[in-house]
Structures are given as C-alpha cells and as structure tokens.
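Reader: I would like to go through this structure with you, beginning with its charged side chains. Could you take my questions one at a time?

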Amino acid sequence: MNEKITHDVEVKESSALSRRKFLTYAGVLAGAGMFIASCHKDENNSVITPSDAVDLGSSDQGLLNYAFLIKQLKAAFYTQVIATPFFGMTPTEKGFFTDMRDHEIAQREFLRNYLTTFAIPMLETDFSSVDFGLKSSVYAKAKQFEELSTAGLAGVCKLMSFSDNLLYATKINSVDARHSATVNDFITPGTFAEKTDSNGMEQAQDPQTSLETTRKFFKRTITGNYLPRY
Amino acid sequence: MKLNHILKDLQNTTPESFERTEHRRDILKNLGVKMAAAAVPLFASAAFNKAQAKTTDILAEAIYYALSITNMQIAFYTEAMTHPALIPADAVADFTKILKDKKAHAAYWDNVLVNTGNAAAPVHTYDFTAKNAFPKVFTEYADFLTLAHTLEDVGVRMYTQVVVNMVTNKALRGDAINIRCTMARHAGHVRLLTRNQNIDIMPWITGSDANTIVGELMQGYQGEEVTQQAQYSIVNINGAAVSAKAASQAFDEPMDHFAAEPFMAHFTKS
C-alpha cells in the first residue's frame, strides 16, 4: 500500500514538473499556458481536443499512456492473429505469435496498473486494413507494429523524466526490439537490424511522429498534444 | 574468485582525484548535466561509492560501463571471425553486421569520452574459453552461439542500467536507448540462430534460461527470472492468462555491476 501511494505521488509530481516546464517554455503566454496545461483528458472544453477524443495527457504520465496505447494495439493484434490463424500457420509460427501476444498482454496490464487512475480507457482497435486470413498481410502488419513499437517506445524512453518510469519503459522497449528482429527474420532472414543508422543505432521516433501511425488503428480519435516533445 | 580487474580499474580511477575532477567538470560543462539525485547508483562498491558521493560524473561512469560489455563483445566476435570453420557461410553476413554495429557503438562512446575530456575506456584482453571451461567456444558452432547470445543478453541487461543512470541527460540517454534497441535485435537474432541448432530457446529470455545455459553463464541471467514489476505480480495479472514464463519474458531486467563484474571476470584476462 505504501508503495502504491509513493507511486501516485510520483506521477503527480511528474505532472507538476512538466507543467512548470511548460510554463517556462510558454514564457509571456504563461496564463494561457496554465489553462492549456491544466486541461485533463476528462475536460472536454479544450479548443484543440475534439470532445470525443481520448487525450494521452502530459509528462511521464502521458508517455506511459502512449506506451499503454501501443500495447493495447499489439495485444489486440496478436490476439486476433491467434484467434483466426492465417492459412498455413505452422505450429512454430503459432508458438512465436502466442508468446508475443502474451508479452503484449502482460505489458499492457502492467502499464494499466502502473498508471492507476491516470490510465486511458481500453480502446477499440481498427484492423480493417489487415487480412488476418492472409499470411503476407499478417506479417506485413506485424513488422510495421513491431518497428513502430520499438522506435516509438525508444522515443518515449528518451523523454521520460523519472528513473522508475524510465526503467519500466526500457525493460519493455528491448522486448519489442526482440519481437521486431524476430518478425523481420521470419520475413527475410538476416534483416533483424536492417534499419539501424550509421552509428548502429535504432532510429527512435518522437511520440508526435509515431502517434500519427498508431492512431490510425483505433476507432476513436486520440490526441497527444501535451506529450513531451524532443 | 578474487575481485576482477574491472572493478579494480574503476576503483583506481578515484585516487587521481584532481585530474578526474577536472574531467568530471568538463563533462558536466559540455553536456549541461546536473547530478542525478534520482538515479540508481551504478557502481556501488564500497570504495567507489564513497568517492562517487562527492562527484557528479555518473554519465561518464555509465559510458565506461557500457563500453565494458560492448568492447568485450567486439573482441569475442572479432576472434570468432578468425576461425574460418566456425561460422557457417550463410551466417557470416549476420555476424559481420552485428560486429559492425558494435564497433560503431564503441566508436560513438569513445568519441563522447574524448569530446568531454574524459579518459579513454580501459583496454582489456580476454579469454573466452573462461580458463578452459568452454574449450570449444571457437570450434563448435553451438558452443559459440551459446556464449554469443549470453553476452548479447548480458549486454542488453547492462545497458538497461546505463539508460537509467543517464536519466539526467536526454541526448546521451537517447543514444544509449537506440544502441540498446540494436543490441536487443542482435540478441534476438543470435538466439534464433541458437534455436536453429536444435537448442530449445526463444528470442526472448525465459526465466533465468537455466535449462539451456550451464555453469558460469548462468550468472548472466541471475535476476532475469522475476515475475513481479513494481508492486504488481505479472502472472495472470488482472485476470489475463499470463504464465510465469511469459511474465518473465515480457521484461528485460537490468544488471548492475555486482552481477555483471563477476560474470565478465570469467572471460577477462587482464
């Protein structure tokens, strides 16, 4: 119980810190900044956020919610892959996809608990662009989602303010990278790290960029205007 | 086993206080860093910690820690490449790519150290047979792969610690995160290659991998078996069907110097 209280305090502190930072950046617009920064996902009057939209929030809390959103996406995807296997799925493939599904569910539920009352709701996915009966379609989407998730969470980790939050996001980030390498290798052997840059590094994406892709796979509008930026 | 040289080197850096302090100031100045009150201490050995308490170069120390495993991996793959019968032709390109990435990582960190006025990382020599505990490491492909994926997993785990210790510096931390992602890709791939040798492992770490790893290598996985994150038990979390295996696989656990140094000592000559 003590731990839980501590965690809540940390999330709130983190939020407060970000607001201060925001105000600093906002400079002369401090008053307006305070109004914008204080808008919560439950407050529907913001001029920027459509009233039916789900806003991820700000600071570490917003970043964790974005990680939670990505995990919702991937857990739903692999759950469907296993529920309606494509024609010719081998037992080996099924074993890999089942493991990946279970990782995504474990991470999703952990993040939901970790975020406590700050967690966004569970959101309905939109997989109308996927043909789950077709191996090539499933693999193409798995590749896209794993690359999105690896680069997206790397961006989340880069922006995180508090050590504990950073630690948990980092622990998850490398499991995504293992997934991504695996899916790539299944499609074309040896492509496990095909997109590293000249420094041998993953190319992290800032949340504003990767959210553009992530949000396409959800039915409701998702906004992240208050997320920390690079 | 006596304390290994890595620990000694780190401890030996502290008495050269003035020079080091200047360097520390430089890295602070150049990187615009403040001491991380919230960061987890990386090197907490008694002697080192005492000195560290007065200093603010947690970033430089994190880079040395990162290089300690990256340089070991480079030496390992470089030596493997000199054994032409070891790696099958269809896997040579994979290890060439992995080695190229790691050399780029080392060059990047070396460059950061130079640009911030810090001493270069210590250079070591290695014995990957671990005093003949793994005599066939460069003659049997499966043995080579087993040590390779263990070093890869240890690398990912050590870099988790590196990332957290860089919490005060967004730029450096971002690079450590990106390098770490590539390392996890390497780990996943090498584990797949291991699996192709009819060894029952997946690209992710299950428990402490005790069924496939022997002897000294098991030290590389100690602590990896946990199924609790923060105060939450991950097994069947919130009623979802999550097994203990999946719960451990879903999170890569950090490895601090207490665990990493004895492990690396097996393979370090000087």
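Reader: Is A:Glu109 buried or exposed?

Author: In this predicted model, A:Glu109 is buried, with a relative accessible area of 3%. Buried means under 20% relative accessible area, exposed over 50%, and partly exposed in between, using a 1.4 Å probe and protein chains only.

Reader: Which side chain does A:Glu109 meet in a salt bridge?

Author: Its partner is A:Arg108, at 2.8 Å from N to O. A:Arg108 also counts as buried, at 13% relative accessibility. A salt bridge here is a side-chain nitrogen of Lys or Arg within 4 Å of a carboxyl oxygen of Asp or Glu.

Reader: What are the ground rules for these values?

Author: Local features need pLDDT of at least 70 and side-chain atom pairs count only at pLDDT 80 or more, while totals for chains, interfaces and linings use all residues; side-chain values use heavy atoms, without hydrogens and water. Residues are numbered from 1 along each chain as its sequence is written, and chains are lettered from A and ligands numbered from 1 in the order in which they are written.

Reader: Which parts does the pair A:Glu93 and A:Lys135 tie together?

Author: A:Glu93 lies in helix 4 of chain A and A:Lys135 in helix 5 of chain A, so their salt bridge ties together parts 42 residues apart in sequence. The N to O distance is 3.3 Å. A:Glu93 is buried at 7% relative accessible area, whereas A:Lys135 is partly exposed at 38%. Helices are DSSP runs (H or I, at least four residues), numbered from the N terminus.

Reader: How many residues of helix 4 of chain A are buried?

Author: Of its 25 residues, 19 are buried, which leaves the helix mostly covered.

Reader: Turning to the two chains, how many residues does each give to the contact?

Author: Chain A gives 59 residues and chain B gives 55, where contact means heavy atoms within 4.5 Å. On the side of chain A that touches chain B, there are 24 nonpolar, 22 polar and 13 charged residues. Ala, Val, Leu, Ile, Met, Phe, Trp, Tyr, Cys and Pro count as nonpolar, Asp, Glu, Lys and Arg as charged, and the others, Gly among them, as polar.

Reader: How many salt bridges cross that interface?

Author: The rule finds four across the interface of chain A and chain B. A:Lys171 forms a salt bridge with B:Glu253, with the closest N and O atoms 2.7 Å apart.

Key. Helix = DSSP H or I, 4+ residues; strand = E, 2+ residues; numbered from the N terminus.
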